[in-house]
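Student: I have a model open and want to learn how to read its features. Where do we start?

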Amino acid sequence: MASDPVREQYETYPYPHRDPEEERTRLLEGSPSNLLEVDHYLFRGRRDWSQPFRVLVAGCGTGDGLIQLATHLQRNGFPAEILAVDLSDASLEIARKRAEIRSLESITFQRMDLIDAVGQGPFDYIDCCGVLHHLEEPDAGFRALSDAVADDGGLGLMVYAPFGRAGVYEMQDVFRGLLGGLPAAEKVETAREMLADLPAHNAFAKNSLLRDHEISDAGLYDLLLHSQDRAYTVSDLVAALDRASLSLVSFLPPAQYDLSRIVPEGLRGRARDLPAVEAMALAEKLRGDIKVHNVYVAKSADGHVARPTDAALRPILPAVPAVKLGEQIARKGQFRASLPHETCVIEVPKAAGVALARADGTRTLGQIAAELSLDWMSFQGLWGPLDRALVPHGLMLYSRQVRR
């Protein structure tokens with residue numbers, strides 16, 4: 001259960017800092033809790049969305065994941081019942097205003113600890129982002145979420161990762177030692193003075209990946225002045241899931257954790273032969289830039305992820321026009337992808353570009369095969385390279401019913 005200092009922090013500095021009025025002009029989207037991702041990774045792209053969808057947002061904060069998921073459900077016309085809980089009244093009020101501006105009617109807000117909220121399950125889906133790593137007993141949180149999710153449902157979690165947060169925990173120790181007992185506003189002011197003149201070799205000063213402290217006071221407090229904060233390596237997180245009788249379905253994006261992609265060519269075979277968790281743990285250490293782990297998990301790891309062997313699934317490109325990308329692949333046999341985790345050149349057989357250009361979000365895989373006059377086996381041979389090139393980077397997902 002979260003301690004009083006944690007609640008006091010989020011009453012004073014609701015996080016992340018959000019202006020509800022911005023909901024009139026933009027929707028913040030990310031992972032997890034993107035509805036297309038949820039269907040792809042947890043329901044094989046096959047969920048019957050005409051059936052009510054029960055959701056717990058366990059620690060909604062100021063509402064980013066909550067607003068995204070509720071908006072996607074409403075746009076698609078899917079019936080849903082969402083319980084959004086948080087320990088901070090101030091955070092809940094911001095999330096509530098964001099929901100009101102979007103006329104989202106499926107959400108019930110309650111000030112409640114997630115340990116207490118899970119008693120209202122089972123839930124088809126649970127979102128818990130940025131919460132478990134702030135609990136006094138994180139394992140109790142993992143176990144509670146496991147108890148609350150339906151056997152055929154799943155969870156989207158985000159926890160901090162250590163290597164991309166280099167210097168954070170040393171600075172937290174420094175600020176606790178020097179600023180303990182000061183009022184919150186004075187802590188922030190003094191911390192900013194110190195950050196402006198850090199020693200040259202300070203690990204935090206050299207970490208160019210972190211910007212929360214530059215964006216808002218709430219971001220600075222959450223990053224560097226938090227009273228209760230820990231990070232999980234890949235191995236730590238998988239072990240915590242195991243203790244809670246939960247199983248990893250996928251890290252997001254999967255390519256970020258693919259060791260074989262970032263080692264020399266001569267070592268790729270060895271990398272692929274390693275046990276999956278061991279390989280991902282080494283990839284995390286080798287990359288050094290992973291700040292958070294976004295994961296989908298469930299009671300069982302098997303049978304959740306959509307596969308292109310289902311002819312009734314629609315391939316959907318969430319962020320890239322399929323026609324444009326397909327035409328580029330047909331011309332060059334490759335494309336350059338600017339992704340949140342990296343920029344890279346991805347090679348795909350030119351012949352596959354013609355098939356991709358038909359993935360407009362309305363056609364099923366079976367329909368695309370028919371339009372190309374290909375039998376299913378031949379089509380699978382053509383489509384396979386697209387699946388392997390795009391899905392691991394989050395550039396393509398599958399669903400029968402969810403619209404982009």
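Tutor: Start with a place in the chain. P16 sits in the loop between helix 1 (4–12) and helix 2. Remember throughout that this is a predicted model.

Student: What kind of peptide bond joins Y15 and P16?

Tutor: Read omega. For Y15 and P16 the value is about -10 degrees, and the bond is cis. A cis bond also links G121 and P122, with omega about 5 degrees. P122 belongs to the loop between helix 5 (114–117) and strand 4.

Student: Next, phi. Which sign does it have at S103?

Tutor: Positive, about 55 degrees, although S103 is not a glycine. The residue lies in the loop between helix 4 (89–101) and strand 3. S245 has a positive phi too, near 60 degrees, and is likewise a residue other than glycine. Its loop runs between helix 12 and strand 6.

Student: Is S245 buried or exposed?

Tutor: Compare relative accessible area with the cut-offs: under 20% is buried, over 50% is exposed. S245 has 54%, so it is exposed. S103 has 45%, so it counts as partly exposed.

Student: How do I read the sheet? What is its strand order?

Tutor: The order is 3-2-1-4-5-7-6, in an open sheet of seven strands with mixed pairing. Strand 3 (107–111) and strand 6 (247–252) have a single partner strand each, so one side of each lacks a neighbour in the sheet. Neighbouring strands are turned by 20 degrees against each other on average, direction ignored.

Student: In which sense do strand 2 and strand 3 pair?

Tutor: Parallel, over five bridges; strand 2 covers residues 80–86. For a register check, take L83: it stands opposite T108 in strand 3. Helix 3 (residues 64–76) packs on the sheet here, touching strand 1 (53–58), strand 2, strand 3 and strand 4 (123–129). The direction of helix 3 makes about 170 degrees with that of strand 2.

Student: And the other edge? How do strand 6 and strand 7 run?

Tutor: Antiparallel, joined by five bridges; strand 7 spans residues 292–298. F251 has V295 as its bridge partner. As a general idea, side chains in a regular strand alternate between the two faces of the sheet. Strand 6 is mostly covered, with five of its six residues buried.

Student: Now a single site. Where is H226 found?

Tutor: In the loop between helix 11 (217–224) and helix 12 (234–243). H226 has 0% relative accessibility, so it counts as buried. Leaving out residues up to four places away in sequence, its contacts are V6, Q9, Y10, H134, Q172, R176 and Y221.

Student: What does A281 touch?

Tutor: V234 and S235, with the same sequence exclusion of up to four places. A281 is in helix 14 (residues 276–287). At 11% relative accessible area, A281 is buried. Its C-alpha is 35 Å from that of E8, 273 residues away along the chain.

Student: Last, pockets. What volume does the second largest pocket have?

Tutor: The general idea: rolling a probe the size of a water molecule over the atoms shows where empty space is left. The second largest pocket has a volume of about 1,100 Å³. It is lined by 35 residues, and P254, D258, R261, R388 and P392 are the closest to its centre. Elements giving two or more residues to the lining include helix 2 (35–42), strand 6, helix 14 and helix 18 (376–390).

Student: How many residues of each class line the second largest pocket?

Tutor: The lining has 23 nonpolar, four polar and eight charged residues.

Technical notes:
Residues are numbered from 1 along each chain as its sequence is written. This is a predicted model: local features need pLDDT of at least 70, side-chain atom pairs count only at pLDDT 80 or more; totals for chains, interfaces and linings use all residues. Side-chain values use heavy atoms; hydrogens and water are left out. Helices (H or I, at least four residues) and strands (E, at least two) are DSSP runs, numbered from the N terminus. Buried means under 20% relative accessible area, exposed over 50%, partly exposed in between (1.4 Å probe, protein chains only). Contact means heavy atoms within 4.5 Å. Two strands pair if DSSP finds at least two bridges between them. Axes are lines fitted to C-alpha atoms, for helices over the stretch in contact, and angles run from 0 to 180 degrees between N-to-C directions. On a 1 Å grid over the protein atoms alone, a cavity is a set of points where a 1.4 Å probe fits but cannot get out, and a pocket is an open set with protein on both sides within 12 Å along at least five of seven lines; lining residues have an atom within 4 Å of a point. Grid points are joined across faces, edges and corners, and a volume is the space filled by probe spheres set on the points. Ala, Val, Leu, Ile, Met, Phe, Trp, Tyr, Cys and Pro count as nonpolar, Asp, Glu, Lys and Arg as charged, and the others, Gly among them, as polar.
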